[in-house]
Structures are given as C-alpha cells and as structure tokens.
Amino acid sequence: MDEIPLWQDRLQREDLDAVAAALRSGWLTMGPRVADCEAAVAEGLGRSHAVLVSSPTAALHLALAGMGLGPGDEVVVSALAPPAVAAAARDAGARAVVADIRGEGDLGIDPDAVAAAIGRRTRAVIVSHPAGYPAEVEAVAALCAERGLPLVEDACEAPLATTAGGRRCGAVGAAAALGFAPGSVLAAGRAGLLATDDAALADRARLLRSHGMTSGSWSRHTGQTAGYDVVALGFNHRPDEPRAALVTSRWRRLEAEVGERRELTWAYRAALEPLAPALRPAFAEAAVGRSSCAAMVVLLGDARRRDEVRRSLLAVGRVRTGTLPAAPADGAPRARQALRAALALPLLPALGAAGVERVVGALAAALPAARAR
C-alpha cells in the first residue's frame with residue numbers, strides 16, 4: 001500500500017453474492033433477510049430478541065424511547081462515548097450527563113463516576129465499550145440494579161467482545177445497541193441493531209421503527225396480516241434487505257476477523273514497547289484477548305505533540321491516523337486528558353506484520369521530529 005489508511009472495509013465474494021441475491025429478489029425493503037439477520041445476531045449474542053434498524057444511533061434511540069424516556073429525564077453516559085450516544089438521548093427528549101473514565105490503561109466508564117452522576121432525574125445509564133474493549137459493565141449493572149435504573153450497552157464497537165465476568169458485550173444490560181457503520185468491526189455501510197431479552201421492549205422498538213405501524217409490508221405481502229393501524233407516533237428507522245443480507249454474511253465469519261484484529265494488536269504492542277514512555281497503548285494487555293479490537297489507540301506522553309506527530313506520519317510515512325470522536329464536558333479530567341493524548345493507528349486485516357512495522361517505524365521517526373519543533 002502506498003498510503004496506509006486508518007481503516008478499510010473488506011468484503012468477500014459471499015458478501016457480494018448475498019447482496020446481489022437480495023437485489024435480484026425484487027424485495028428491497030424489510031422482509032425475510034431482515035428477519036434472518038435478527039435471528040443470527042440474537043443467537044450470537046445469546047439474546048432473545050434483536051431488532052435491525054437503520055443506524056446505531058437509531059438503535060440507542062429506540063432503546064431509550066421504548067423505555068419511556070422523555071423531556072426532563074437524564075441519561076448517564078461516558079465522557080468518551082461517541083457523539084451518537086448523547087444524540088440518542090437527545091432524540092428521546094432526555095439529556096445526557098457525562099461520567100468520567102477510569103483513566104490509565106482503561107478508557108471505559110468509571111463505575112464510581114457513574115454513581116456520582118446519578119441524580120433524581122436519572123432514568124437510564126448507557127455504558128460504551130470504547131475501541132472494542134469491555135468496560136466494567138457488570139459493576140455498573142449492579143449499581144443500576146441497586147438504583148432501579150435500566151442499563152443500556154453501547155456495544156457498537158464490541159461485537160463478540162467478552163466482559164471480565166465472561167459474558168458477551170451486549171448481553172448484560174436491559175438492552176444493547178450494535179452498529180455496522182463504515183470502519184466498524186462489522187461494516188455494512190450503515191445499520192444498527194437493538195438486542196434485548198425484554199419481549200415488550202422489542203415489540204415496542206419494532207413498532208416505533210416503522211412510524212408506529214402495527215404490521216409491515218412483508219407480513220401483508222405474505223398474508224400474515226391483512227392491513228395495519230398506526231397506533232403510536234413512531235420514526236423511520238427501517239433497514240433494507242441488501243444491508244441485512246450483508247450483515248448476516250459478515251456475521252458468519254466475525255469470530256475469525258476479530259481473531260485477526262487481536263493478532264495485529266498484539267503485534268503492535270510488542271513493536272511499540274521501545275517507544276515507551278513517549279507513547280503507550282491505551283488499554284491493558286490483559287484485556288486484548290477479551291476485546292474485539294475495533295481500534296488500536298495509543299496515548300502520547302506529551303499530548304501537546306499529538307497533532308504534530310499526526311502530520312508527520314501522513315507527510316513522511318504516508319500513514320493515516322485518527323483521534324477519539326468525543327468532546328467531554330467539564331468535570332471529566334481523565335477523559336479530557338485522554339482526548340488530547342489519544343491517537344488511533346491503522347488496524348485493518350490487510351495490514352499484516354510488515355504494515356505494523358512500517359507504522360511503528362514511522363512513529364519512531366515522527367516522535368523525535370515533533371520534539372525538535
């Protein structure tokens with residue numbers, strides 16, 4: 001590769017065939033492939049119900065709306081959660097309240113900070129698993145149970161990751177959102193999924209994703225229902241058949257691809273050791289084997305040099321990098337420090353050992369260059 005991209009979605013022949021079959025079927029809106037996708041993901045997560053929707057934000061939105069959140073309510077979220085998490089709370093009419101992260105070696109939400117952020121208006125807590133690394137979701141779940149609050153998992157970056165207690169990320173809270181956006185572990189262009197064991201919540205999400213209609217066009221086409229009523233003020237969060245086919249096809253080999261990501265992450269960690277303390281991985285090594293490794297995030301010892309290092313990597317090494325997509329509020333000092341110091345390195349299956357060496361070599365050259373300026 002002349003230039004190493006930050007991410008690169010990789011489709012196989014079976015993916016293309018699955019999408020082509022959906023297109024040739026002549027049925028492009030919600031139909032049998034959506035149902036097949038929901039069944040496959042629910043089984044993989046160990047959940048009773050899955051509801052495929054148009055985006056990860058829509059999945060979080062429907063989880064909160066289905067729980068009855070609205071104006072005046074508050075939702076506790078991580079200060080380093082993707083902006084879509086706070087947006088989902090806002091879409092439901094609620095307000096996001098941030099809690100700080102644990103910090104050194106763990107960018108996940110701090111359970112003690114969650115406890116401090118819970119107030120009389122709190123109606124839910126959302127736990128994100130940053131870069132695919134499991135947060136302390138079980139500790140937060142115990143806290144939520146004590147306070148009588150539902151826990152929602154933002155597992156968009158953590159499909160097939162496992163918690164410290166051995167459970168799948170996305171199978172701990174009352175509901176979970178998975179995401180299939182570009183650059184994610186399982187990319188399908190755009191789609192999301194709500195997973196839950198609560199049949200009433202799943203039914204409510206299905207209703208709200210389609211403008212509050214009691215049945216869809218496929219059930220009417222197949223004679224399962226004769227018509228429909230509109231019984232709620234819903235939304236247009238409906239997915240389509242080609243995207244559902246793509247998610248299902250890619251889900252079948254997700255375990256192998258997550259394994260590849262872990263191998264690349266371990267290779268990175270070994271190669272980066274000589275660069276410490278100027279640069280260090282953002283998560284503990286012991287967590288790699290439980291992570292989906294959605295991103296290779298490192299922290300610069302001197303956060304002021306981060307942007308100079310990025311420019312040097314691109315100009316000299318032809319290596320693209322990223323930063324954390326969050327803007328933590330005041331009162332989250334550990335998150336603010338991580339946001340300034342974090343650098344996301346390329347993590348794509350085609351990279352291989354040679355690619356890792358090239359990226360780390362460019363980093364080794366960029367660090368002194370940045371200090372010289």
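This report covers the nonpolar cores, one buried acidic residue and the aromatic pairs of a predicted model.

## Nonpolar cores

The largest nonpolar core holds 45 residues, and the members that touch the most others are Leu-107, Tyr-268, Leu-272, Leu-345 and Leu-363. Six elements give two or more residues each: the helices H10 (254–272), H11 (306–315), H12 (333–341) and H13 (352–372), and the strands S11 (296–300) and S12 (342–345). Helix H13 gives the most, with seven residues. In soluble globular proteins, nonpolar side chains tend to be buried together.

Leaving aside residues up to four places away in sequence, Leu-107 is in contact with Leu-80, Ile-101, Pro-130, Ala-282, Phe-283, Val-297, Leu-324 and Ala-338. A second core, separate from the largest, has 31 residues, including Ala-59, Val-75, Cys-156 and Leu-208.

## Glu-153

Glu-153 is part of strand S7, which spans residues 151–154. The residue is buried but forms no salt bridge: Arg-47, the nearest side chain of opposite charge, is 4.5 Å away. Because a salt bridge requires the charged atoms to lie within 4 Å, the Arg-47 distance of 4.5 Å does not qualify.

Two backbone nitrogens take part in polar contacts with the Glu-153 side chain. That of Gly-170 is reached at 2.9 Å, and that of Ala-171 lies 3.2 Å from a polar atom of the side chain. Gly-170 and Ala-171 also appear among the residues that Glu-153 touches, not counting those up to four places away in sequence. The rest of that list is Leu-60, Val-127, His-129, Val-137, Cys-169, Val-172, Gly-173, Ala-175, Ala-176 and Ala-177.

## Aromatic pairs

The model has two aromatic pairs. In one, the ring centres of Trp-27 and Trp-218 are 4.9 Å apart and the planes stand at 75°, so the pair is edge-to-face. The two residues are 191 residues apart in the chain: Trp-27 sits in the loop between helix H1 (13–25) and helix H2 (32–45), and Trp-218 in helix H8 (residues 217–221). Trp-218 is partly exposed, at a relative accessible area of 27%.

The other pair is Tyr-133 with Phe-283; the centres of these rings are 4.0 Å apart and the planes at 5°, so the pair is stacked. It too links distant parts of the chain, 150 residues apart. Tyr-133 lies in the loop between strand S6 (122–128) and helix H6 (137–147), whereas Phe-283 lies in the loop between strand S10 (279–281) and S11. Both Tyr-133 and Phe-283 are buried. Phe-283 is also one of the residues that Leu-107 touches.

Terms used:
Residues are numbered from 1 along each chain as its sequence is written. This is a predicted model: local features need pLDDT of at least 70, side-chain atom pairs count only at pLDDT 80 or more; totals for chains, interfaces and linings use all residues. Side-chain values use heavy atoms; hydrogens and water are left out. A nonpolar core is a set of buried Ala, Val, Leu, Ile, Met, Phe, Trp, Tyr and Cys residues joined through side-chain atoms within 4.5 Å. Buried means under 20% relative accessible area, exposed over 50%, partly exposed in between (1.4 Å probe, protein chains only). Helices (H or I, at least four residues) and strands (E, at least two) are DSSP runs, numbered from the N terminus. Contact means heavy atoms within 4.5 Å. Lys and Arg count as positive and Asp and Glu as negative; His and the chain ends are not counted. A polar contact is a pair of N or O atoms within 3.5 Å; within protein, one must be able to donate a hydrogen and the other to accept it, and residues adjacent in sequence count only if both atoms are side-chain atoms. Rings of Phe, Tyr and Trp (its six-membered ring) pair if their centres lie within 6.5 Å; planes under 30 degrees apart count as stacked, over 60 as edge-to-face and the rest as tilted.
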